[in-house]
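Please find below some notes on the sheet and its surroundings. The sequence and structure come first, and the numbered points follow.

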Amino acid sequence: ARDEAVEASLRQVWSQFKSDSLRKAAYGALLDRLVKEGLRELGTTDATDYVRDSDRTLVSGYHLAKLPDECCGGAIVESANGKIRVSKTLEDVFAQKKGEVRKQIYDKLF
């Protein structure tokens, strides 16, 4: 029962994170930061940035491609030769913090 309560709360946190991240006022700056982080991790600016079609105007000046439909936002940055990909999608950003968030939820609930 505890695990179910934590998982339900985690789904609520994900929903709120996604909603907050995709707000028009903040999303452009977030997307720009995620793309730049991905480029830094690749160590080059010669890359393809996968973004949603609706986000193309937010990240001009890069070679762009379509982000897979299963991603709700953010970007995937791929090296020019296609051998290295850095995922900066909202799903992956949240997944990196999921363990920490789960622990905080558990501590607050129990």
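**Notes on the sheet**

1. In this predicted model, four strands make up an open sheet with mixed pairing, in the order E2-E1-E3-E4. Strand E2 (63–66) and strand E4 are the edge strands; each has a single partner strand, so one side of each is left without a neighbour in the sheet. From one strand to the next, the twist averages 25 degrees.

2. Strands E3 (residues 74–79) and E4 (residues 85–89) run antiparallel and are joined by 5 bridges. Within this pairing, Gly-74 has Thr-89 of E4 as its bridge partner, and Ala-75 stands opposite Lys-88 of E4.

3. The two strands E3 and E4 form a hairpin, with 5 residues between them. Gly-82 lies in the turn and has a positive phi of about 80 degrees.

4. Is Thr-89, in strand E4, buried or exposed? Thr-89 has a relative accessibility of 1% and therefore counts as buried, the cut-off being under 20%. Apart from neighbours within four places in sequence, Thr-89 is in contact with Leu-67, Cys-71, Gly-73, Gly-74, Ala-75 and Ile-76. One of these contacts, Gly-74, is also the bridge partner of Thr-89.

5. Two helices should be inspected together with the sheet. Helix H2 (residues 24–42) lies across E1 (47–51), E3 and E4, and runs at about 25 degrees to E3. Helix H3 (residues 90–109) lies across E3 and E4, and runs at about 85 degrees to E4.

Note on methods:
Residues are numbered from 1 along each chain as its sequence is written. This is a predicted model: local features need pLDDT of at least 70, side-chain atom pairs count only at pLDDT 80 or more; totals for chains, interfaces and linings use all residues. Side-chain values use heavy atoms; hydrogens and water are left out. Two strands pair if DSSP finds at least two bridges between them. Buried means under 20% relative accessible area, exposed over 50%, partly exposed in between (1.4 Å probe, protein chains only). Contact means heavy atoms within 4.5 Å. Axes are lines fitted to C-alpha atoms, for helices over the stretch in contact, and angles run from 0 to 180 degrees between N-to-C directions.
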